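Welcome! Here are a few short exercises to work through with the structure in view. Try each task before reading its solution.

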Amino acid sequence: MIEDDCANTTIPLPNVTIKIMSMVVEYCKKHVLSTNSKGKTVDDDLKAFDSEFVNVDQDTLFDLILVANYLNIKSLLDLTCKTIADMVKGKTTKEILKMVKKQEEEEKARREKEEIIKA
């Protein structure tokens with residue numbers, strides 16, 4: 001890709017904030033740097049980093065899932081989806097629906113706020 005001059009072009013990332021993109025870059029850097037010369041990762045450090053990394057609000061977590069999926073970052077997608085699965089584990093259907101409804105209401109409010117700012 002670099003040889004094809006792709007490094008000098010932009011990659012469209014609609015609706016991705018600087019906050020989310022910087023988190024994704026931080027995640028990728030940490031995972032690349034944690035690989036030793038033999039290609040093995042330093043598990044304890046990486047597990048601690050991952051645990052802290054996904055300790056964010058639901059909006060951020062869902063945004064990370066969308067970007068990880070769009071950019072095909074399998075390890076980040078697996079981590080964030082596992083976090084969501086752990087959040088709903090052991091909850092009743094009613095509790096999960098309440099959590100999703102709250103997420104939808106927050107997303108709607110955020111979109112309305114963005115529309116007001118744009119106007």
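**Exercise 1.** Which residues in α1 meet which residues in α3?

*Solution.* Keep in mind that this is a predicted model. Start by finding the two helices: α1 covers residues 18-33, and α3 covers residues 58-70. Next, look for heavy atoms within 4.5 Å of each other, the cut-off for a contact. On the α1 side you will find Lys19, Ile20, Met23 and Val24; on the α3 side, Thr60, Asp63, Leu64 and Val67. Finally, sort these residues by character: 5 are nonpolar, 1 is polar and 2 are charged.

**Exercise 2.** Work out how α1 and α3 are oriented to each other.

*Solution.* First, take the helix axes: those of α1 and α3 come within 10 Å and cross at roughly 65 degrees. Then apply the cut-off: angles of 65 to 115 degrees count as roughly perpendicular. The two helices, α1 and α3, are therefore roughly perpendicular to each other. As a last step, add the handedness: the crossing of α1 and α3 is right-handed.

**Exercise 3.** Describe the protein chain as a whole, beginning with how many helices and strands there are.

*Solution.* Count the elements: the protein chain has 5 helices and 0 strands, so that reading from the N terminus gives α-α-α-α-α. Now turn to burial: of the 119 residues, 24% are buried. For the surface, the chain exposes about 9,300 Å², with 57% of that supplied by carbon and sulfur atoms. To finish, consider contacts between residues at least 6 apart in sequence: 55% of them join residues at least 24 apart.

Terms used:
Residues are numbered from 1 along each chain as its sequence is written. This is a predicted model: local features need pLDDT of at least 70, side-chain atom pairs count only at pLDDT 80 or more; totals for chains, interfaces and linings use all residues. Side-chain values use heavy atoms; hydrogens and water are left out. Helices (H or I, at least four residues) and strands (E, at least two) are DSSP runs, numbered from the N terminus. Buried means under 20% relative accessible area, exposed over 50%, partly exposed in between (1.4 Å probe, protein chains only). Accessible areas come from the Shrake-Rupley method with a 1.4 Å probe; for residues, only the protein chains shown count as cover. Axes are lines fitted to C-alpha atoms, for helices over the stretch in contact, and angles run from 0 to 180 degrees between N-to-C directions. Angles under 35 degrees count as roughly parallel, over 145 as roughly antiparallel, 65 to 115 as roughly perpendicular and the rest as oblique. A crossing is left-handed if the near helix is turned anticlockwise from the far one by less than a right angle, and right-handed if clockwise. Ala, Val, Leu, Ile, Met, Phe, Trp, Tyr, Cys and Pro count as nonpolar, Asp, Glu, Lys and Arg as charged, and the others, Gly among them, as polar.
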